[in-house]
Amino acid sequence: MHPVNIRKLLKKSIRRKIAENLLIPMSGNCTYKREDIANTAIFSVSNNYSIEYGSKYLRSRGKRIPSGDDVFYHLSKLDKTGVIRLFKRVNDHLLREAKRRDVFKKRMLCALDIHKVPWYGKTRDKNILGMEKIRGTNFGYGYASIECVEDGKRFTLSVYPLDQFTTRREFITSLVKTTREYTDIKILFLDRGFFNLESIKCLNDLQINFVMPAVRNPRIEKIVNDFERKCKGFPYKQRFFLVREYEMRRGKESVKFNLVIIVELPEETDDEWNTFVYATNIPVTDKNAFKLAEDYRKKWGIETGYRVKDKIRGRTCSRNHVVRLFLLLLSVLLYNLWQLCNLIIIIETRWERKGYPMILNEFISNLSNFILSG
């Protein structure tokens, strides 16, 4: 049943959404159409090919599409604002299709994270960011995003491209504002990189419930060590928790939140006790202290999403930031399109099994066949 429906969805999303929003200045007598450029880029990114190879492959199959150089020539006419506008319009279409099917009816568990792609070029303009060393480089470019981490609803809800001058308040506020157009955030999970005064004050100002691991500075380390010693005096109990109001200061500014320490008995006698320390602005009691820690583990669903996007990111040696940003955000759109296809199949076939009814490779195959036969 579903292949026909998926083909219609691909046609609507690619031809009527991506291509029509690809606002590249093109003359009336141009050899190729915007749809030809979009198809080449989508085919290349979804198969993780370079634009050059993707173009050659399509041409070898008799498709009348532009060369890799032609694609880059036209994409380079875009500016950053145009690429972001394209992403928002297409992503809005995908998310509203999901919302129409009651996906975001309830308040959602979401996660905010930063995704960086390694950069090996010599030029390091404002769009190149510092990062932990990966595959021989300490530099990268990327974006921050909010993703839903509920099972079966793992859509990327908002994206914000980063540069060296982007403040945390700026991108957190923008991401939350966009996300709220589609759903209410029940809890926002963040990594310990957001354990700072600027981020926490911003989340409080936005009235967002958050959970994030605490950085174990000397002050927090002392609280943890004292609590661990007390817990070890009661080895017959499986797990313990402690809640402390904690005040973070920087100059004249300060912010208060709950510091929660979870201590669990190890499975083996000689193993270390398991300790997890997190910060939250949610009132914590014995009824939710452990659940909040367990729910945080769902946050790592966002990492699964990033790994999938890495598989459909495409490859390029272009040093043009706008072209790289276009390909990066296109991978997010294709990821969300994959999620939407699965959602429709689940609803229409009353799918009750675990996992996706259409795995990523099958989605890529459907997408490629659509472009090849179109």
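In helix α12, the residues L360, F363, I364, L367, S368, F370 and I371 are buried. Seen down the axis of α12, these buried residues fall within an arc of 155°, so they line one face of the helix. The general geometry behind such a pattern is that an α-helix has 3.6 residues a turn, so residues three or four places apart point the same way. Helix α12 covers residues 360-373, and its 14 residues reach 20 Å from the first C-alpha to the last, close to the 20 Å expected at 1.5 Å a residue. These descriptions, like those that follow, refer to a predicted model.

The chain as a whole has 12 helices and nine strands. Its radius of gyration is 23 Å, close to the 21 Å that the globule rule gives for 374 residues, so the chain is as compact as a globular protein of that length. Taken along the principal axes, the C-alpha atoms fill a box of roughly 80 × 50 × 40 Å. Of the 374 residues, 52% count as buried, and the accessible surface comes to about 19,000 Å², of which 47% belongs to carbon and sulfur atoms. Among contacts between residues at least 6 apart in sequence, 64% join residues at least 24 apart.

A second helix with a buried face is α4, residues 68-75, in which G68, V71, F72, H74 and L75 are buried. Viewed down the axis of α4, these residues fall within an arc of 165°, so they line one face of the helix. The elements against which the buried residues of α4 pack are α2 (34-46), α3 (51-60) and α11 (321-349). In the loop between α2 and α3 lies N48, a residue that has a positive phi of about 60° although it is not a glycine.

Further along the chain comes strand β1, and here nine of the 11 residues are buried, so β1 is largely enclosed by the rest of the structure. Strand β1 has pairing partners that run in opposite senses relative to it: nine bridges join β1 to β3 in an antiparallel arrangement, whereas β1 and β5 pair in the parallel sense over four bridges. Within these pairings, V117 stands opposite Y141 in β3, and A111 stands opposite F189 in β5. Strand β5 also pairs with β6 in the parallel sense, over two bridges, and there L188 stands opposite F210 in β6. From strand β6, residues 210-213, F210 and M212 point one way while V211 and P213 point the other way, and all of them are buried.

Helix α6 can be read together with these strands. Which residues of α6 are buried? They are F171, I172, L175, V176, T178 and T179, and they cover an arc of only 165° around the axis, which puts them on the same side of α6. The cover over these buried residues includes β1 (108-118), β3 (137-148), β4 (156-161), β5 (185-189) and α7 (197-205). In its length, α6 (residues 168-179) follows expectation, since at 1.5 Å a residue its 12 residues should span 16 Å, and its end C-alpha atoms are 16 Å apart.

Helix α7, named among the elements that cover α6, contains K201. K201 is partly exposed, with a relative accessible area of 24%. Leaving aside residues up to four places away in sequence, K201 touches R169, E253, S254 and V255. The C-alpha atoms of K201 and K186, which are 15 residues apart along the chain, are separated by 18 Å. In the loop between α7 and β6 is Q207, which has a positive phi of about 60° although it is not a glycine. Q207 is exposed, with a relative accessible area of 70%.

The last pairing to consider is that of strand β7 (residues 239-250) with strand β8 (residues 253-264), which run antiparallel and are joined by 12 bridges. In this pairing F240 stands opposite V263 in β8. The hairpin of β7 and β8 has two residues between the strands, and G251 takes a positive phi near 65° there.

Methods
Residues numbered from 1 in each chain as written. Predicted model: local features only at pLDDT ≥ 70, side-chain atom pairs only at ≥ 80, totals over all residues. Heavy atoms only, no water. Expected span 1.5 Å × (residues − 1). Buried < 20%, exposed > 50% of the residue type's maximum accessible area, 1.4 Å probe, protein only. Arc of directions from axis to C-beta. Contact = heavy atoms within 4.5 Å. Rg over C-alpha atoms; globule rule 2.2 N^0.38 Å. Areas by Shrake-Rupley, 256 points an atom, 1.4 Å probe, with all protein chains shown as cover. Pairing = 2+ DSSP bridges.
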